[in-house]
Amino acid sequence: MLTYLYCVLAPAGAEALPAGLTGIAGGSVRVLTAPGLTLDAWVATIDEDALRVTGQALASQALLHNEIVDAAMATGRTPAPARYGSRFPDDAACVADLTRRADELRAILDRVAGAVEIPTLLVPEKLRATSIERPSSRDPAAGRQYLEAIRARVADENRRRSAAECEASRLLASLGDLVRDEARTFTAAGVMSIAHLVSRASVDRYRAAVSAFVPAENFRVVKGEPRAPYSFASPSTGDRSGHDSSSPSRSE
Amino acid sequence: MSADSDLQPNDEEIEDRQLVLGDLLNHVLDKGVVISGDVIISIADIDLLSVELKLVLSSVQTALEHHQARPDADVSLLRSRSSRR
């Protein structure tokens, strides 16, 4: 058995946990508290084998993880969500780690307090093909053709990324101070995935503003639902913009 | 437009759902607090691109087909918890 971590929250104690909440593998979610630990951690005890899943079961489990994190959001506090699959050998190891990193975690909680993450996707007219067609190895020019295909792909990606960055910057400018923070990820399919950190009180105004945004004609805007601030909960980037390492620098 | 076509999501709506779901999955699998304990990395070998573009498409399509066959069936894969409120 192991201790599976869903999220970390500002302390409110066990009474804030919805009764009967169960997560991955049916494990009952509980609040892990300990002397000296000034944070609440929502955890469950589950069998290690429960996490050895792939394919659709993995997707379902990841969504279940998110549902528990959503339940934490519903308490009115904004959690620092743990990445799916975060586990410890036992409660003591979890407490030890969280205690050691309490300052870092509190800084994250302060950063996201009172806010939600809202995803907005800028989707190009044509999604990008995800693989390069390999020429026949019997073709004497196969090597050159393959390298040319890679070069064309890189040029295409740069063009797409640049256009998407431009649209993302226009969107950000149109949203003004409704956005507390932003993280962008440019996906292999050519979609610009934008996560905006928005105050809970401003969600309706944010949605209205995004709806009013008119993208360039070769893009469309796909709006997602508010979620926990996954994009702004990683201290390891050392980047307060929450910028994904694979994406270019944030345009202000 | 017929009543039936009003009820059926068009291709763009389905693609949008897939994209939103794929984006959520990528964030749950790849973002969030990184703890010092073990992170199950049975997923580490999975290219997230595959998760996004293949597994998710397959999951959503399967769920859609399942839902069309059994309209009372669970289609939770298509909706995040927040969207069900």
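**A hairpin, two domains and a shared core**

In the hairpin formed by β7(A) and β8(A), five residues lie between the strands, and G190(A) takes a positive phi near 90°. Strands here are DSSP runs of E with at least two residues, while helices are runs of H or I with at least four residues, and both are numbered from the N terminus. The model is predicted, so local features need pLDDT of at least 70 and side-chain atom pairs count only at pLDDT 80 or more, whereas totals for chains, interfaces and linings use all residues. Residues are numbered from 1 along each chain as its sequence is written, and chains are lettered from A and ligands numbered from 1 in the order in which they are written.

The two strands of this hairpin make a good starting point. Strand β7 (residues 181-186) of chain A runs antiparallel to strand β8 (residues 192-199), and six bridges join them; strands count as paired if DSSP finds at least two bridges between them. Two of the partnerships can be followed by eye: F186(A) has M192(A) as its bridge partner in β8(A), and D181(A) has L197(A). On its way along the chain, β7(A) is mostly covered, with six of its six residues buried. A residue is called buried if 20 or more other C-beta atoms lie within 10 Å of its own, exposed if 12 or fewer do, and partly exposed in between, with C-beta atoms placed from the backbone.

Which residues of β7(A) point one way, and which the other? D181(A), A183(A) and T185(A) point one way, E182(A), R184(A) and F186(A) point the other way, and all are buried. As a rule, side chains in a regular strand alternate between the two faces of the sheet.

Strand β8(A) also has another partner. Strand β6 (residues 115-124) of chain A pairs with β8(A) in the antiparallel sense over eight bridges, and T120(A) stands opposite I194(A) in β8(A). Why is β8(A) described as largely enclosed by the rest of the structure? Seven of its eight residues are buried, so the description fits.

Stepping back to the whole of chain A, the secondary structure comes to five helices and nine strands, and read along the sequence these follow the pattern β-β-β-α-β-β-α-α-β-α-β-β-α-β. Of the 252 residues in chain A, 38% are buried. Among contacts between residues at least 6 apart in sequence, 74% join residues at least 24 apart; a contact means that the C-beta atoms of two residues, placed from the backbone, lie within 7 Å.

Chain A is divided into domain 1 (2-112) and domain 2 (115-237), with bounds that come from an automatic or database domain assignment. Taken over C-alpha atoms, the centres of domain 1 and domain 2 of chain A are separated by 29 Å. Their contact takes 12 residues from domain 1 and nine residues from domain 2. On the domain 1 side, α1 (55-73), β4 (80-81) and α3 (102-112) of chain A each supply at least two residues, and α3(A) gives the most, with four residues. The residues of this side divide into eight nonpolar, one polar and three charged. Here Ala, Val, Leu, Ile, Met, Phe, Trp, Tyr, Cys and Pro count as nonpolar, Asp, Glu, Lys and Arg as charged, and the others, Gly among them, as polar.

The largest nonpolar core has 68 residues, of which Y6(A), C7(A), V8(A), A41(A), V43(A) and L122(A) touch the most other members. Such a core is a set of buried Ala, Val, Leu, Ile, Met, Phe, Trp, Tyr and Cys residues joined through C-beta atoms within 7 Å. Its largest share, eight residues, comes from α1(A). Because domain 1 (2-112) and domain 2 (115-237) of chain A both give residues to this core, it lies between them. Leaving aside neighbours within four places in sequence, V43(A) is in contact with T3(A), Y4(A), L5(A), Y6(A), R30(A), L32(A) and C94(A).

A25(A) has a positive phi of about 60° although it is not a glycine. This residue sits in the loop between β1 (2-9) and β2 (30-32) of chain A, and with 17 C-beta neighbours inside 10 Å, A25(A) counts as partly exposed.

Chain B comes to four helices and one strand, which run α-α-β-α-α from the N terminus on. Of its 85 residues, 33% count as buried.
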